[in-house]
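Thanks, everyone. I have one structure for you today. Let me put it on the screen.

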Amino acid sequence: MNFPWNDTDVTASSGIPLAVAWLGRTSTDDRQDPALSLPRQLTAARNALPGECLIVAHFYDVESGRMDLDARGRGQAHEPLDIPIARDGGIQDLLAEAERPDRRFAAVICESVERVARRTYFGTKIEYELEQAGVMLLAADEPMPQLAPPRGGRARKLATPVLTRRVKQAVAEWYVLQMLELSWDAFCEHTEQGWNVGKPCYGYRAKKVPHPVAAKQAEGRTKSRLVPHPVEGPTVTHIFMLRTVHGLGYDAIADRLNLELERHPPPTPPDPRRALGRWSGSAVREILKNPKYTGYMVWNRRATKQGGKNNPPSEWIWSPQPTHEPLVTKEVFQAVTSTSRSRQGSRSTAGTSSHPQAARVYVLRSYIFCEFCDRRMCGKSRKGIPYYACEPDMRPHKDRGDWHSRHPRSLWIREDDLLDLVHKFFAEQVFGVQRVRKFAPDNVVPERLRKELLDLERRLENVLDQVEGHIPTGDEEIDRDFRAQLQARFADLARTRRTKAEEAEAWAENGGLVGDLELLNESSNLAALDEELQRKLFDAFNLELRYRGDTDEVLIRVMLGNSPE
């Protein structure tokens, strides 16, 4: 609080009013009305100043006092407000002018020191910068120091004023921290009890109940819980199904919903003027990322103090038990979250990307992953040759000891090499004659043939038993006819057995696909299909490619029925 006077300063002893700048601040978050609060602060400052002082400049901001100093004074929250004070700038403008030799003021006054900043460090930093520039910081709720220069060089008594100001700054910071902590605990309890905050998310509507506090109830205030919307609720479930079962992207899901707008009405934004009247990929994404559809109440998904920035799931507050009727299971929601991470940056539709710089189609787009980091590899081109590359920004993943240290800075694999592998795999393992051999090596012969062969073996043994156990009747003619019939019967069974054995052998040799080899060969010519048909085929089999760069190996996985190969 030192005030370094010099011969050029305009002081009270010269008979000229001392020029003072006023510094004000208010926050819309603390439920103050800036149009009332700021004039009140200015009036308090005027009343506290001695008669020989005159306020010549007005600096104020509408913002939180807990912001970092570098971010202070740069907002426009004051612009739409009807504040009856001409504004010369904010805190940054005040500090900049204080450094200039032609500044208009010799001191700065505020209503209270917490108006300068809500954090002691930034408050004292501002005070120090002003002091270094030769400007005293005054507060209307503190005793006014002696404004005239001290006589005889005697130091001004500053010990008690400094102690008082520092205590007030500490109390102000403590008060804010305490309010934040209490508010946090209250919101956590509010969430655990299942109360909804704000507008119900799409798929639900609010069931209002009287506020449990009698005074607030008397004011007509209510609290709300979530109940499913009869039309929007099934739409949410349908969206999750399209994502998990069909693996569609956000835009592809939106396109399907737009085909039946009466059945699937689009969401309405908080500002109805922004309504599109249709579904968009961003609207679908917001639904798929909202955990409230699991029946649990969730809070703190977004940081309200940082412009709605998304918080990581580790910072979300979940109710310990479901509090409203779910539209999807928690397992489905987690599966969608995994799908979103694996599909990041990819589309589920064929054709060239809508990006203005996109000029090439990548057939295996969205199917290939890096085995190191489990991230989807993206299509890139070098000298006109298409590749798939993995080049992650390693800085955010330094804590990923499982792959970070082993991952090369760049992994590339040619698309034509991958396509040759995929086409060959489908030709030989999915459509080729190896199909049955691979999936039923110990059961290639159909059960029908197996049973028939066993039955023929049993009947042949019966004939031989009858031959061996025959007791002659003594009548040569009768005995001769009997032996002839047994021989004919045995020969007939043996021929039938040989025919069935040849059929079983042919079945086994051809992988159980006798008569269909030509059709299989025609079906396996995937290279002749266009990109859209190939992608439909790959989607039908849930194709997944995993590339391991250190060994240059590719794992190909498809889903046949319910079992992955």
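I'll go through the overall counts, the sheets, the salt bridges and a surface patch.

First, a caution. This is a predicted model. Please keep that in mind throughout.

Start with the totals. The protein chain has 565 residues, and 37% of them count as buried. There are 15 helices and 18 strands. The chain exposes about 33,000 Å², with carbon and sulfur atoms supplying 51% of that area. Now contacts. Take those between residues at least 6 apart in sequence: 67% of them join residues at least 24 apart.

Next, the parallel sheet. Which order do its four strands take? The order is 2-1-3-4, and the sheet is open, with parallel pairing. Strand 2, residues 53-62, and strand 4, residues 136-139, are the edges, and each of them pairs on one side only. On average, neighbouring strands here are turned by 25 degrees against each other, ignoring direction.

Look at the pairings inside it. Strand 1, residues 18-26, meets strand 2 over nine bridges, in the parallel sense. There, Ala19 sits opposite Leu54 of strand 2. Strand 3 and strand 4 are also parallel, over four bridges. In that pair, Val108 sits opposite Leu137 of strand 4.

Is strand 4 buried on one face or on both? Both faces are covered. Met136 and Leu138 are buried on one side, and Leu137 and Ala139 are buried on the other. Here is the background: in a regular strand, side chains alternate between the two faces of the sheet.

Two helices belong in this picture. Helix 1, residues 34-48, lies across strand 1, strand 2 and strand 3, the last of these being residues 107-110. Helix 1 runs at about 150 degrees to strand 1. Helix 2, residues 91-98, lies across strand 1, strand 2 and strand 3 as well. Its angle to strand 2 is about 140 degrees.

On to another sheet. This one is open, has three strands in the order 11-15-16, and its pairing is mixed. The edge strands are strand 11, residues 368-370, and strand 16, residues 553-557, each pairing on one side only. Neighbouring strands are turned by 25 degrees on average, again ignoring direction. Strand 11 runs parallel to strand 15, residues 544-548, with three bridges joining them. One bridge links Phe369 to Arg546 in strand 15. Helix 10, residues 415-430, packs on this sheet and touches strand 11, strand 15 and strand 16. The direction of helix 10 makes about 40 degrees with that of strand 16.

Now strands 12 to 14. Strand 12, residues 378-382, and strand 13 are antiparallel over five bridges. They form a hairpin with two residues between them. In the turn, Lys383 has a positive phi of about 55 degrees. Ser381 stands opposite Pro386 of strand 13. Strand 13 also runs antiparallel to strand 14, residues 411-414, with four bridges. Tyr388 has Ile413 of strand 14 as its bridge partner. How many of the six residues of strand 13, 385-390, are buried? Five, so to speak of strand 13 as mostly covered is fair.

Charges next. The structure holds 21 salt bridges. Side chains of opposite charge can pair when their charged atoms come close. Take Arg115 and Glu111, joined at 3.1 Å, N to O. Arg115 has a relative accessible area of 10%, so it counts as buried. Glu111 is at 14%, so it is buried too.

Back to strand 15. Arg546 and Glu544 form a salt bridge at 2.8 Å. Arg546 is buried at 13% relative accessibility, while Glu544 is partly exposed at 21%. Then Asp550 meets Arg548 at 2.9 Å. Asp550 is partly exposed at 47%, and Arg548 is partly exposed at 30%. There is also a salt-bridge network linking Glu127, Glu142, Arg165 and Arg166.

Last, the surface. Leu163, Val167, Val171, Trp174, Tyr175, Met179 and Leu182 make up a nonpolar patch. Together they have about 690 Å² of accessible area. Val171 lies in helix 4, residues 159-192. Why does Val171 count as partly exposed? Because its relative accessibility is 46%.

That's my tour. Questions, please.

Technical notes: Residues numbered from 1 in each chain as written. Predicted model: local features only at pLDDT ≥ 70, side-chain atom pairs only at ≥ 80, totals over all residues. Heavy atoms only, no water. Patch = residues over 30% accessible without salt bridge, like charges linked within 9 Å, V, L, I, M, F, W, Y side chains within 5 Å. Areas by Shrake-Rupley, 256 points an atom, 1.4 Å probe, with all protein chains shown as cover. Salt bridge = Lys/Arg side-chain N within 4 Å of Asp/Glu carboxyl O. Buried < 20%, exposed > 50% of the residue type's maximum accessible area, 1.4 Å probe, protein only. Pairing = 2+ DSSP bridges. Axes fitted to C-alpha atoms, helices over the stretch in contact; angles between N-to-C directions. Contact = heavy atoms within 4.5 Å.
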